[in-house]
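Please open the structure in your viewer and set the display to a cartoon view. The tour below proceeds by selection, one stop after another.

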Amino acid sequence: MNDAAAGPVSKRVFIDKQSPKAYHALTETAEAVRAVAAAAGLERTLVELINLRVSQVNGCAYCLDVHTRAALRAGETTQRLGVLAAWRDTELFTARERAALALAEAATEPANAAVQESACEAARRALTDDEISAAIWVAITINAFNRVSVMSKHPVRLIPRQ
């Protein structure tokens, strides 16, 4: 039990551990979304770019760590990962990737209707309906995981150099 009068508590509750049934449901959703993305034809690298861009916007260090390593394993380049935060300012990303990244940002900060409309228009030109739906689901899912990790303050552990 926390005593509010005693001052701020430095430790966070790891809500994934505290409520494992809810977290398990979220991981099952993530598995379903991975299957939807694969069936829609979204490459693993594109899924990881979405995961990373959303995690950048949300400031989730833990998810950035996990998904950077996943992107590298999937074949993504360090150059593209290094400039992902400024994807609009480079020609390193395809029209399809740009459309998916714009959708991911719109799903992450949905209050701006003009941004949503612009992202959806760009997506219509570059992605199929199945790809649009999958990209949005990937963004929604990583947004949920970002919030779990940010609110739990999941630590990023140093991986020793080899």
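**The whole chain.** Begin with the entire protein chain, which has eight helices and zero strands. Followed from the N terminus, its elements therefore run α-α-α-α-α-α-α-α. Please keep in mind that this is a predicted model. Rotate the view: the C-alpha atoms fill a box of roughly 55 × 40 × 30 Å along the principal axes.

**Surface and interior.** Next, switch on a surface for the protein chain. Its accessible surface comes to about 9,900 Å², and carbon and sulfur atoms account for 56% of that. Of the 162 residues, 37% count as buried. Consider also how the chain meets itself: among contacts with a separation of 6 or more, 71% join residues 24 or more positions apart.

**The largest pocket.** Now turn to the largest pocket, with a volume of about 570 Å³. Select Y23, Y62, V66, H67 and F145; of the 28 residues that line this pocket, these are the closest to its centre. Then colour α1 (15-18), α2 (20-40), α3 (44-58), α4 (61-74) and α8 (129-152), the elements that each give two or more residues to the lining. Which element provides the largest share of the lining? It is α2, with seven residues. By residue character, the lining divides into 14 nonpolar, six polar and eight charged residues.

**The cysteines.** Select C63 and C60 and display their side chains. How many disulfides does the structure hold? The number is zero. A disulfide is a covalent bond between the sulfur atoms of two cysteines. For C63, the nearest cysteine sulfur is that of C60, 3.4 Å away, and C63 is in no disulfide. The reason is that a pair of cysteine sulfur atoms must lie within 2.5 Å to count as a disulfide. Is C63 buried or exposed? C63 is buried, because its relative accessible area is 5%, under the limit of 20%. Move on to C120, which has a relative accessible area of 37%. C120 is therefore partly exposed, since this value lies between 20% and 50%.

**A residue in α3.** For the last stop, select T45, located in helix α3. Its relative accessibility is 18%, so T45 counts as buried. Finally, display A74, G75 and E76: T45 is in contact with these residues, when its neighbours within four places in sequence are left aside.

Definitions and conventions:
Residues are numbered from 1 along each chain as its sequence is written. This is a predicted model: local features need pLDDT of at least 70, side-chain atom pairs count only at pLDDT 80 or more; totals for chains, interfaces and linings use all residues. Side-chain values use heavy atoms; hydrogens and water are left out. On a 1 Å grid over the protein atoms alone, a cavity is a set of points where a 1.4 Å probe fits but cannot get out, and a pocket is an open set with protein on both sides within 12 Å along at least five of seven lines; lining residues have an atom within 4 Å of a point. Grid points are joined across faces, edges and corners, and a volume is the space filled by probe spheres set on the points. Helices (H or I, at least four residues) and strands (E, at least two) are DSSP runs, numbered from the N terminus. Ala, Val, Leu, Ile, Met, Phe, Trp, Tyr, Cys and Pro count as nonpolar, Asp, Glu, Lys and Arg as charged, and the others, Gly among them, as polar. Buried means under 20% relative accessible area, exposed over 50%, partly exposed in between (1.4 Å probe, protein chains only). Contact means heavy atoms within 4.5 Å. Accessible areas come from the Shrake-Rupley method with a 1.4 Å probe; for residues, only the protein chains shown count as cover.
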